[in-house]
Amino acid sequence: MNDLQARFVRDGYVIYKSDVILAKVVKLQSLFETKFQSRFDTDTVMNRNLIKRFAESIDLAELYASSEIYQMVKSLGVKTPVYCGPAFSHYTHTDLTGNCYGLPWHQDYPSMASSSSSVIVWISVNDCSVHTHSIEVAPGQHVNGLLPGEQTDTGYICSCQTFANSKVLNVCAGDVLLFSPYLPHRTFMNPASTAYKLSFSRRFDDLDDPGWRKNKFANAYCTSVDRVLFTQTLDS
């Protein structure tokens, strides 16, 4: 077991640094700020939709499909990686679009309901720390599996909202944070910061997981089509 694997097994997460991925993320940040964020106005619904469209951009898809991320995920025990759901955006800011919003302590597995040996890959386009906004984790708590909690529209919220060993992570732009679907984590927001934080996460399941085979390779995500949205766009 190499050091990366050992830290992942012990803590439930690991941060990987790569100059190749950093170069891609620098371009992503520029694309977001020039083509998407530059279109923000007082319409917060439109702004959030722009962030979602950026999460669906070809450039971000190419980042997550890179051979380096694929090999990292495999090195952590996902023998045959397949995507579990889309790429998710996490925009943190004190402005009207961010609205000081952040998820409390939660776990990702109940929102996946797929492979237990999966890995979440989390990447930010800007630096994250206690001085800006970031992600806070409870190292080692993943070994306890699914904690008591409640499934809500925003995720599986842990009943326990205090972890003595919690840690706000320093994640530089371009760093790759990989963590277990059972690792409790939450949004860290610094109300004094005027900066925005934009990160993305994508979940990788393991097709070779026998437990998932037993559950017929089910996945919590499904395709839904709004069949009447076009009528609203025609009227606008």
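Select F217 to start. In this predicted model, F217 is partly exposed, with a relative accessibility of 34%. Look along the chain on either side: F217 belongs to the loop between α6 (210-214) and α7 (229-235). Now check its backbone. F217 is not a glycine, yet its phi is positive, at about 55°.

Next, select N99. This residue also has a positive phi of about 55° without being a glycine. N99 sits in the loop between β2 (81-92) and β3 (106-107).

**Two glycines**

Select G145, in the loop between β5 (133-137) and β6 (149-152). Is G145 buried or exposed? Its relative accessibility is 19%, so G145 counts as buried, the limit being under 20%. Show what surrounds G145: setting aside residues within four places in sequence, its contacts are Q107 and Y182. Then add P184 to the selection. From C-alpha to C-alpha, G145 and P184 are 9.8 Å apart in space, while 39 residues separate them in sequence.

Move on to G149, which is in strand β6. G149 counts as partly exposed, at 33% relative accessibility. Beyond its neighbours within four places in sequence, G149 is in contact with Y156, I157, C158 and S159. For a longer view, draw a line from the C-alpha of G149 to the C-alpha of H90: the distance is 22 Å, with the two positions 59 residues apart in sequence.

**A serine in a strand**

Select S124 in strand β4 (residues 119-124). Its relative accessibility is 0%, so S124 counts as buried. Which residues does S124 touch, not counting residues up to four places away in sequence? They are V25, A173, G174, D175, K197, L198 and S199. Now show the side chain of S124 together with the backbone of N126. A polar atom of that side chain lies 2.6 Å from the backbone oxygen of N126.

**The cysteines**

Colour the cysteines. How many disulfides does the structure hold? The number is zero. Begin with C128, whose closest cysteine sulfur is in C172. The two sulfurs are 8.7 Å apart, which is too far for a bond, because a disulfide needs sulfur atoms within 2.5 Å. C128 is buried, at 3% relative accessibility.

Go from there to C222. For C222 the nearest cysteine sulfur is that of C84, 12 Å away, and C222 is in no disulfide. C222 is exposed, with a relative accessible area of 70%.

**The aromatic rings**

Show the side chains of the aromatic residues. The structure holds twelve aromatic pairs. One of them joins F32 and Y196: the ring centres are 5.7 Å apart, the planes stand at 50°, and the pair is tilted. Where do the two partners lie in the chain? F32 is in helix α2 (residues 19-36), and Y196 is in the loop between β10 (185-189) and β11 (197-206), so the pair ties together parts 164 residues apart in sequence. Both F32 and Y196 are buried.

Keep these two rings on screen and add F36, F40, F54, Y91 and F200. Ring pairs link these residues with F32 and Y196 into a cluster.

A ring can also have a charge over it, so to speak, as at the next stop. Select Y83 and R202: the charged end of R202 sits over the ring of Y83, 3.6 Å from the ring's centre.

**The nonpolar cores**

For the last part of the tour, turn to the interior. The largest nonpolar core has 33 residues. Select I69, V121, L178 and L198, which have the most contacts inside this core. Which element gives the core its largest share? That element is α2, with five residues.

Zoom in on L178. Apart from neighbours within four places in sequence, its contacts include F8, G12, Y13, V14 and Y16. M72, V73 and L76 are also among the contacts of L178, as are V119, I120 and V121.

Apart from the largest core lies another, of 13 residues. To find it, select C128, I135, V171 and F179, which are among its members. C128 was a stop earlier in the tour, where it was described as buried.

Definitions and conventions:
Residues numbered from 1 in each chain as written. Predicted model: local features only at pLDDT ≥ 70, side-chain atom pairs only at ≥ 80, totals over all residues. Heavy atoms only, no water. Buried < 20%, exposed > 50% of the residue type's maximum accessible area, 1.4 Å probe, protein only. Helix = DSSP H or I, 4+ residues; strand = E, 2+ residues; numbered from the N terminus. Polar contact = N/O pair within 3.5 Å; in protein donor to acceptor, adjacent residues only side chain to side chain. Contact = heavy atoms within 4.5 Å. Phe/Tyr/Trp six-rings, centres within 6.5 Å; stacked < 30°, edge-to-face > 60°. Lys NZ or Arg CZ within 6 Å of the ring centre and 35° of its normal. Core = buried A, V, L, I, M, F, W, Y, C linked by side-chain atoms within 4.5 Å.
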